[in-house]
Amino acid sequence: MYGTGLAKGLMLTLRHFVESYVDDIRYGFRKYHHSTDNFGIRQGTQTKGVITVQYPDEKVAVPERFRFVPFLIVEDEDHPTRAGKDWCTSCGICAKVCPPQCIWIVRGNDPNTGRPVPEPEAFFIDIDICMNCGYCAEYCPFDAIKMDHDYELASYDRTTHHIHDKERLSKPNSYWRSIAPTRAYEEMLARGTWEHKDAAKEARRGAAASRASAPPPAAERPAAPQAQAAASEASASGETAAPAPAAEGATPWTEDEAKREERRRKALERKARRAAKRGS
Ligand code: SF4
Ligand code: SF4
């Protein structure tokens with residue numbers, strides 16, 4: 001019958017209209033509050049009715065996985081040793097994988113030696129060409145480039161405002177942790193530290209060096225004169241001196257010897273695996 005579809009459509013519109021007011025009463029108007037924690041209420045599966053967001057006066061919070069243009073992570077200003085330092089090592093992987101090729105990196109050089117240093121001297125992204133695919137963030141081996149939530153980037157001058165330079169791209173690590181806490185936590189678990197990979201490595205190396213330069217434990221120090229005298233007496237009488245008990249926590253090898261032993265063991269394992277493969 002003619003007009004049935006029209007009547008159904010009008011009924012649906014009427015239902016949404018009424019549900020909007022029912023929903024407002026149900027949530028006590030919290031839906032319209034200008035806070036960012038009402039995302040679940042406004043866009044949850046239970047929400048019904050028509051919602052009008054009074055943009056730009058009010059904005060709906062974006063979900064954590066939302067991605068707009070990329071930004072670069074730098075250390076927080078209150079970091080004890082690396083304040084303001086880039087996480088980017090200018091390896092160039094993001095520029096290589098970027099489908100529309102909108103990333104341009106200039107690698108830094110040491111002014112004294114002229115040798116390349118793992119820091120970008122310049123970093124540009126043309127945000128008009130960027131298609132927000134997130135490949136750069138996915139492929140970065142140092143978690144140094146991330147997708148931002150800031151989508152209000154329109155301007156009238158594309159040449160000065162839409163080519164983001166390093167200064168514009170750089171944002172502190174704490175910002176990334178605030179916009180994507182779950183993701184940042186998962187990355188920390190995968191990296192094994194909240195720190196940059198290289199910073200954590202340097203810290204481990206520093207700790208190992210300070211351990212190596214520390215005075216040896218009491219068990220390794222030269223024996224006291226009385227003990228030496230007793231030992232020479234024992235050797236003169238042909239007795240074999242009993243080995244001194246190992247100090248608590250002491251190992252029979254130094255750390256380097258232990259590492260060499262570990263490498264030798266792994267090499268033997270590899271050799272055995274190769275031999276087994278050849279045999280099969
Ligand atoms: S992949 Fe990561 S570390 Fe490498 S240049 Fe890009 S942002 Fe920097
Ligand atoms: S989000 Fe995609 S298009 Fe944009 S810079 Fe990264 S890789 Fe390139």
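# Questions on a predicted model

User: In this predicted model, in which order do the three strands of the open sheet run, and in which sense do they pair?

Analyst: The open sheet has three strands, and their pairing is antiparallel. Strand E2 (103-109) and strand E5 (163-164) are the edge strands, each pairing on one side only. The order is E2-E3-E5.

User: Over how many bridges do E2 and strand E3 (residues 116-126) pair?

Analyst: The two strands pair in the antiparallel sense. Within this pairing, Gly108 has Val117 of E3 as its bridge partner, and Ile103 stands opposite Ile125 in E3. The count for E2 and E3 is seven bridges.

User: Which residue in the hairpin of E2 and E3 takes a positive phi?

Analyst: Between the strands of this hairpin there are six residues. A positive phi near 80 degrees occurs in the hairpin, and the residue that takes it is Gly114.

User: Which residue of E5 is the bridge partner of Ile125?

Analyst: E3 and E5 pair in the antiparallel sense over two bridges. Ile125 of E3 also stands opposite Ile103. In E5, the bridge partner of Ile125 is His164.

User: How far apart are the end C-alpha atoms of helix H1 (residues 4-26), given the span its residues should have?

Analyst: H1 has 23 residues, and at 1.5 Å a residue the helix should span 33 Å. The distance in the model agrees with this expectation. The end C-alpha atoms are 32 Å apart.

User: How many of the residues of H1 are buried?

Analyst: H1 is hardly covered. Just after the helix, Gly28 takes a positive phi of about 60 degrees. Among the 23 residues of H1, the count of buried residues is one.

User: Is Ser90 buried or exposed?

Analyst: Ser90 sits in the loop between strand E1 (70-74) and helix H3 (93-97). Its phi is positive, about 50 degrees, although Ser90 is not a glycine. A residue needs 20 or more other C-beta atoms within 10 Å to count as buried. Ser90 has 21 such neighbours, so Ser90 is buried.

User: How many other C-beta atoms lie within 10 Å of Asp143?

Analyst: Asp143 belongs to the loop between helix H4 (135-139) and strand E4 (145-147). Asp143 is not a glycine, but has a positive phi of about 50 degrees. The residue is buried, and the number of other C-beta atoms within 10 Å is 20.

User: How many charged residues are in the shell around ligand 1?

Analyst: Residues surrounding ligand 1 include Cys88, Cys91, Cys94 and Cys140, together with Ser90, Phe142, Ala144 and Ile145. By class, the shell divides into nine nonpolar and three polar residues. The number of charged residues is therefore read directly from that division: no charged.

User: Which residues come nearest to ligand 2?

Analyst: There are 14 residues around ligand 2. Twelve of the shell are nonpolar, two are polar and none is charged. Those that come nearest are Cys98, Cys130, Cys133, Tyr135 and Cys136.

User: Which element gives the largest share of the largest nonpolar core?

Analyst: The largest nonpolar core has 21 residues, and Leu72, Ala144 and Ile145 have the most contacts inside it. Two or more residues come from each of E1 and E3. The largest share, four residues, comes from E1.

User: Which residues are in contact with Leu72, leaving aside its neighbours within four places in sequence?

Analyst: Leu72 is one of the residues with the most contacts inside the largest nonpolar core, as are Ala144 and Ile145. Its contacts are Asp86, Cys88, Phe123, Ala144, Ile145, Lys166, Leu169 and Ser170.

Conventions
Residues numbered from 1 in each chain as written. Chains lettered and ligands numbered in written order. Predicted model: local features only at pLDDT ≥ 70, side-chain atom pairs only at ≥ 80, totals over all residues. Near = placed C-beta within 6 Å. Nonpolar A, V, L, I, M, F, W, Y, C, P; charged D, E, K, R; others polar. Expected span 1.5 Å × (residues − 1). Buried ≥ 20, exposed ≤ 12 C-beta atoms within 10 Å, placed from the backbone. Pairing = 2+ DSSP bridges. Core = buried A, V, L, I, M, F, W, Y, C linked by C-beta atoms within 7 Å. Contact = placed C-beta atoms within 7 Å.
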